[in-house]
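Hi,

Here is the structure I promised to pass on to you. Please open it alongside this email and follow along as you read.

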Amino acid sequence: MKIKIFRWRAIGPLLVLFVIACVLWWLFADSIARRESQKVGTQMLGAKVEIRDLHLDLRNGDVTIRGLTIASPHEPFQNLLQADEIVADLDVVPLTEKKIIIDRIAAKGLRFGTPRQTDGRVAAKSGEGIAGRVLAETHEWASQFQIPVLQLATGKISIDSLDPRRLSTIPAAAALGARADSSRRAWQAALDTLRLGPALDSASATLEKLKRARATDLATLNEARQAIDRLKRARNRVTTLERSVTQGTANLKSGLAGLDSARRRDYAFARSLLKLPSLDAPAVGAALFAPGAIKPFERVLYYAQLARRYMPPGLLPRATTGTSRVRRAGEDIRFPKERALPRFLLRSAELSFLLHPNDAQPQRYAGVLTGLTSDPAVYGRPTSFGASGPQLVAGALLNHLRGIPVDTAGATLGGIQLPAFEVPGVPLRLDPGAAVTQLGFNLNGDTIHARFAIRSTNVRWTRDSGFANSTIGDLIWRTVSGISNLDVEARLSGELHHPDLAVRSNLDQAIASRLRAVLGEQVAAAERQIRERVDALVNDKVGPVRAKVNEVQTQAQAQVAQQRARLDELQKQLEQQLRQRIGLP
Amino acid sequence: MFALIKLIQSLFGALHSEGTPGQLAAGIVLGSILGLTPLLNLHNALIFALLVLLNVSFAGGVLGWALFIPIGFLLDPLFDWIGHSLLLAPSLRGLWTSFYNTPIVPLTNFNNTVVLGSVVFAVLFALPLFFATRVAVVRYRATIGERVRQSKWYRTVMASKVYNVYKMFRP
């Protein structure tokens, strides 16, 4: 029986299925696109992206998004931005290559930093995906800065326990003691090997013989000359040993000096255990404002690093985590190609937004974003952003065209009502009021240069009740409460992995000089106390070693001198007797 | 429970259908591709169309799909590794770059490691599976097939209305 290959009757149901699929797409395309946009946006930014309504008009290549809300990846109950309406002019043909090319976007009613009811952070909680990893990396980066802590509220100075095993003088003393013993043995052995006893005995016997000899007793005279030669050779050997002893004693003396250095190091180490308030102006500035100053750097770095991950330079294949599904997501590998379209491109976006939307007269701003793309090397132009308005000037340039990406951003924003904050280490609350903030950021490969500044002329200070019984607290309060200007500047520079952070403010010098005046005595006393502790631990070990070294030196030098004197004396007597016998004057 | 009954029905429905062992094996092979690879992908629309249009056992297809779904989940790490190796092989970069920049092809998600790995695995696995299944069906029908058909529980299961749905596509 011949079996038919095709089941022709199934074409009908298949067509019906196809029509149903088309109808379902027509009915649910907007909803599917909205959900997918929310999902992808959330995954990319690490914060919830919510869209109230999305309409696809593929025939005209228009996408309209209404009610866009992007939560802040850092703040739990704050939005990064909200937009009333975004209209995108989409190029439809590249969609067949799964490429999204947007010729123009017009965004209206953008608002920043608005409050939200629910926690919109995703990456911060899950730590998953590219956003999660970048967030964790930048958080770790920000935590590397050692910020000095001010302990001003009570003025207490405490000392951690001093572990003798961590002092370097004690092992150095033990080593020097061992060296002294070893030197003593070595010199004694060297002295023994000189065999001076037989030479001296023989010379003494010759001297006695010479005293009784006549001038014609040539054999005795020759014997005396030979004895003098032997004494000279023995003297040379003693001289060599003396040189060795001199060098050895110099080494031991330098060992003693090394003990003093080790003790100074131990003083420094012990001083590091003291919890002293910072008295230097830069340290005061860092203690007061560095925690707040690091945050903007951390956030800008987060977005810069995200941009680098999503917009990498070059044309090599790139792997990103695949879209999440019930099955394993795997990785999506992209294969950019020269003279082809990038995976994503936003040619131009016109942004219109409001600042201070709750004010009676909210300020209207405008901005332009161009060349935002997933494949900068394919597109061939950097991404740029600029915005301006009554109190804002902002710009950014992301140049990922070459192997070393360069990201630059700068903004000056005036009239910003910064929130009041607790000054770290001091129960003082600072309300900067309306301030001008400036941010400059440049990340060139792995080298960072950034600056963040706040200027305010209407600062208000509030005193915490914890200050009530503190002398230092009173002092600080008197110092700062009369200051109405605030000028803080934080600078970051160097290798991205270990940059230098410098923070200064107009309060630093004022607080530091007051602190030094009051706490200087206490600090000096604490330092004396810690030195005494070090001395108590070290002196027991160093004293005997110092005595031993001195004893070894003295003993060795005395022995050598004694032997040398005996040789010299005997040689002198022999030479004198010899001269008398042969009739010389 | 419904899924289990459906699976049992499809299994015995396929084994006792009038279709040849080859038709049944081909259906299972096509079903296995649906089960082994992530379902919502363009290539599976083609596989489904083939399953419906070709004169193969649709019940076998459903059986193959149901059987190979858990296997697909289990083998996902292997598929990921295969896909990763293939997509990042320097010798194949030109091919993938060309595919990636060709209309329609990227819609297949071939550039996803799990999708590519599972498709490659399923295609390579298809021939051995086809021959093994065909031999197994022949042996089943020659040995215990008739006894099963006469059994009381077989008639009970097959009397379920769900079975009628499958009859529609019986070869």
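Below are some notes on a helix pair, a whole chain and two single residues.

Before anything else, please keep in mind that this is a predicted model.

**A helix pair in chain A**

A good place to begin is with helix H5 (residues 196-212) of chain A and helix H6 (residues 218-272) of chain A, which pack at an angle of about 150° with their axes 9 Å apart. An angle over 145 degrees counts as roughly antiparallel, and H5(A) and H6(A) are therefore roughly antiparallel to each other. The crossing of H5(A) and H6(A) is left-handed.

If you would like to display the contact, the residues on the H5(A) side include Leu196(A), Ala199(A), Leu200(A) and Ala203(A). On the H6(A) side, Leu221(A), Ala224(A), Ala227(A), Leu231(A) and Val238(A) are among them. Charged side chains take part as well, including Lys209(A) from H5(A) and Glu223(A) and Arg230(A) from H6(A). Taken together, the residues of this contact of H5(A) with H6(A) divide into eleven nonpolar, three polar and three charged.

**A residue that touches the H6(A) stretch**

Next, have a look at Gln571(A), which sits in helix H10 (residues 508-582) of chain A. Is Gln571(A) buried or exposed? Its relative accessible area is 11%, and buried means under 20%, so Gln571(A) counts as buried. Setting aside residues up to four places away in sequence, Gln571(A) touches Ile228(A), Leu231(A), Lys232(A) and Arg235(A). You have already met Leu231(A) as one of the residues in the contact between H5(A) and H6(A).

**Chain B as a whole**

Moving to the other chain, the secondary structure of chain B consists of nine helices and zero strands. Along the sequence, the pattern reads α-α-α-α-α-α-α-α-α. Of the 171 residues in chain B, 47% are buried. The accessible surface of chain B comes to about 8400 Å², and 75% of that belongs to carbon and sulfur atoms. Among the contacts in chain B with a separation of 6 or more, 78% are between residues 24 or more positions apart.

**One residue in chain B**

Leu42(B) lies in helix H3 (residues 42-53) of chain B, and at 41% relative accessibility Leu42(B) counts as partly exposed. How far apart in space are Leu42(B) and Val105(B)? Their C-alpha atoms are 9.3 Å apart, while 63 residues separate the two in sequence. Leaving out neighbours within four places in sequence, Leu42(B) is in contact with Ile104(B), Leu107(B) and Thr108(B).

Happy exploring, and best wishes!

Technical notes:
Residues numbered from 1 in each chain as written. Chains lettered and ligands numbered in written order. Predicted model: local features only at pLDDT ≥ 70, side-chain atom pairs only at ≥ 80, totals over all residues. Heavy atoms only, no water. Axes fitted to C-alpha atoms, helices over the stretch in contact; angles between N-to-C directions. Helix = DSSP H or I, 4+ residues; strand = E, 2+ residues; numbered from the N terminus. Parallel < 35°, antiparallel > 145°, perpendicular 65-115°, else oblique. Left-handed = near helix turned anticlockwise from the far one by under 90°. Contact = heavy atoms within 4.5 Å. Buried < 20%, exposed > 50% of the residue type's maximum accessible area, 1.4 Å probe, protein only. Areas by Shrake-Rupley, 256 points an atom, 1.4 Å probe, with all protein chains shown as cover.
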